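Please look through the sequence and the three-dimensional view together, and keep both at hand while you read. The paragraphs that follow move from open space to strands and then to the chain as a whole.

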Amino acid sequence: MTSHTVSLSTVPPAPKRTGRAIQAVRAAAALAAALLATPTAADPAKTLFGAAAGPSPEAPAPIGSYAAGCIGGAVALPETGPGWQAVRLSRNRTWG
């Protein structure tokens, strides 16, 4: 049986972590977490996007275009009001 010993003088010092290196490690960890949490094709989009309990924690702002966009930080509008009524509530477009 052979004994393996390592002298501390032969072990190179750990590299000094700079701010960019730490940011790169954090970005890699976030990417890995996002990839692991990627939904499967079996999950319907309405289930995934409908699971949000409320608006995102940001100032209201449109993102993208009317045809292919969304609105961040929006709040739910009432279904009815004086002189108007929301239609097609199943489309979940009563946000503003």
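A pocket, in the sense used here, is an open set of grid points with protein on both sides within 12 Å along at least five of seven lines. Rolling a probe the size of a water molecule over the atoms shows where empty space is left. In this predicted model, the largest pocket holds about 1,100 Å³ of space. Its lining is made up of 26 residues, and those closest to the centre of the pocket are G69, C70, I71, N92 and W95. When the lining residues are sorted by chemical character, 13 are nonpolar, 10 are polar and 3 are charged. Among the elements that each supply at least two residues of this lining are the helix α2 (45-50) and the strands β1 (61-64) and β2 (69-72).

The two strands just named also belong together in another way, since β1 and β2 pair in the antiparallel sense over 4 bridges. A hairpin through 4 residues joins β1 to β2. If you follow individual bridges, you will find that I63 has C70 in β2 as its partner, while G64 is bridged to G69, which also lies in β2. Both of these partners, C70 and G69, appear again among the residues closest to the centre of the largest pocket.

Stepping back to the protein as a whole, its secondary structure comes to 2 helices and 4 strands, and these follow one another along the sequence in the pattern α-α-β-β-β-β. Of the 96 residues, 5% count as buried, and the accessible surface comes to about 8,800 Å², with 63% of that area belonging to carbon and sulfur atoms. Among the contacts with a separation of 6 or more, residues 24 or more positions apart account for 0%.

One residue deserves a separate look. R88 is found in the segment after β4 (84-85), and its phi angle is near 50 degrees, a positive value in a residue other than glycine. Is R88 buried or exposed? The relative accessibility of R88 is 58%, so R88 counts as exposed, given that the cut-off for this label is over 50%.

Conventions. Residues are numbered from 1 along each chain as its sequence is written. This is a predicted model: local features need pLDDT of at least 70, side-chain atom pairs count only at pLDDT 80 or more; totals for chains, interfaces and linings use all residues. Side-chain values use heavy atoms; hydrogens and water are left out. Buried means under 20% relative accessible area, exposed over 50%, partly exposed in between (1.4 Å probe, protein chains only). On a 1 Å grid over the protein atoms alone, a cavity is a set of points where a 1.4 Å probe fits but cannot get out, and a pocket is an open set with protein on both sides within 12 Å along at least five of seven lines; lining residues have an atom within 4 Å of a point. Grid points are joined across faces, edges and corners, and a volume is the space filled by probe spheres set on the points. Ala, Val, Leu, Ile, Met, Phe, Trp, Tyr, Cys and Pro count as nonpolar, Asp, Glu, Lys and Arg as charged, and the others, Gly among them, as polar. Contact means heavy atoms within 4.5 Å. Accessible areas come from the Shrake-Rupley method with a 1.4 Å probe; for residues, only the protein chains shown count as cover. Two strands pair if DSSP finds at least two bridges between them.
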